[in-house]
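Q: I would like a close look at one part of this molecule, namely its nonpolar interior and what lies around it. Please give a connected account.

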Amino acid sequence: MQKELIKSILVFFLLGLILTGCQEKVDTPVENASSNSEPASSDSNTESADSTNHSHDHNHSGDDEKQKEIYSGIFEDDEVEDRELSDWEGDWQSVYPYLLNGTLDEVLQKKVETKKDKTFEEYKEYYKVGYETDIERIVIKDNTMTFYKNGEGKTGEYKYHGYEILTYESGNRGVRYLFDLVGEADGVPKHVQFSDHSIYPTKAEHYHIYFGDEDHVTLLSELDNWPTYYFSNLSGKEIVEEMNAH
C-alpha cells in the first residue's frame, strides 16, 4: 500500500514536471514578441515593412489626387519649383497634322459628350487655332533645341529664364517655364515657353509650347495658340489613347 502511494506521488510529480516544461515552451515566443530578442526583432521589422508599403501605396493615391488637381490648374504658389530643359528632353512631333486628318476626331467627340460646352464643329475650330504650327518636329537634347520645318532642322542652345504663374478667366492657373536662346542662331526662336500641366521637376509626357522672337511678356499674353507635342515614336492611335486618358 505504501509502495503504491509512493508510486502515485512520483507519477504526479513527473506529470507536473512535464506540464511545466510544455507551458514554458508555449510562453517563450510570446515573451520574445514583447522583448528585444532576435525573433521579436525580425517580426517587428516585417510589420514595419508592411506598414511602410501600405503607407507608400496610400501616399501614391494621394499623389494621384494631387496630380489631378495640379493638372486642372489648382495649386499654391509655394508648390511651384524651377525646372531644367532636360525635363522636356526627347524627340517630339506636333499633333496638328492628326487634327487635320481626322485622327483626333475621337478625342473631340469625347469632349462633346463629357463637357457638353461645345459642338463637335466648335471643338474642331478651337483646336485648329490652338494646335496650328509649321514646326512639325522638335528634338531636345542637353541644352539644345532643334526645330524642324519641312524636314529641315535648325538648332539653338537655350538657358533657363525662370517661370511665370498665370491665372486664367476660369480661375484655374498654369505655369510656364521660360528659356532664352544663347547667343545668335539662324532659324530658331529667341524665346521659348513650356507648359505641360506640371509645376515641379518631372519628365514631360507631352507639352504645349509658345515661342518666337518677341519678349517673354508678349509670349505670356498668347492664350489662343499653343502648339502641342507628343513623343515622335507614338502613332496617331496611341496619341488618341493618351489624350483620352486625361
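Which residues of the largest nonpolar core touch the most other members?

A: In this predicted model, the largest nonpolar core comprises 24 residues, and those touching the most other members are Trp88, Ile138, Ile140, Met145, Tyr158, Phe194 and Tyr207. Several strands contribute to this core: β2 (137–141), β3 (144–149), β5, β6 (191–195) and β7 (206–212) each supply at least two residues. The greatest contribution comes from β5, with four residues.

Trp88 illustrates the packing. Beyond its neighbours within four places in sequence, Trp88 is in contact with Ile140, Tyr177, Phe179, Phe194, Ala204 and Tyr207, and also with Arg83 and Asp196. Apart from this core lies another, of 18 residues, which includes Val95, Leu104, Leu108 and Ile239.

Strand β5, which spans residues 173–181, also holds a charged residue, Asp180. Asp180 is buried but forms no salt bridge. The nearest side chain of opposite charge belongs to Lys159, at 5.8 Å; the absence of a salt bridge follows because such a pair must lie within 4 Å.

The side chain of Asp180 instead makes polar contacts with two histidine side chains: that of His191 at 2.8 Å and that of His216 at 2.5 Å. Setting aside residues up to four places away in sequence, Asp180 touches both of these histidines together with Glu157, Tyr158, Lys159, His161 and Lys190. Tyr158 thus links the two parts of this account: Tyr158 touches Asp180 and is listed among the core residues that touch the most other members.

Methods
Residues numbered from 1 in each chain as written. Predicted model: local features only at pLDDT ≥ 70, side-chain atom pairs only at ≥ 80, totals over all residues. Heavy atoms only, no water. Buried < 20%, exposed > 50% of the residue type's maximum accessible area, 1.4 Å probe, protein only. Lys, Arg positive; Asp, Glu negative; His and termini not counted. Polar contact = N/O pair within 3.5 Å; in protein donor to acceptor, adjacent residues only side chain to side chain. Contact = heavy atoms within 4.5 Å. Core = buried A, V, L, I, M, F, W, Y, C linked by side-chain atoms within 4.5 Å.
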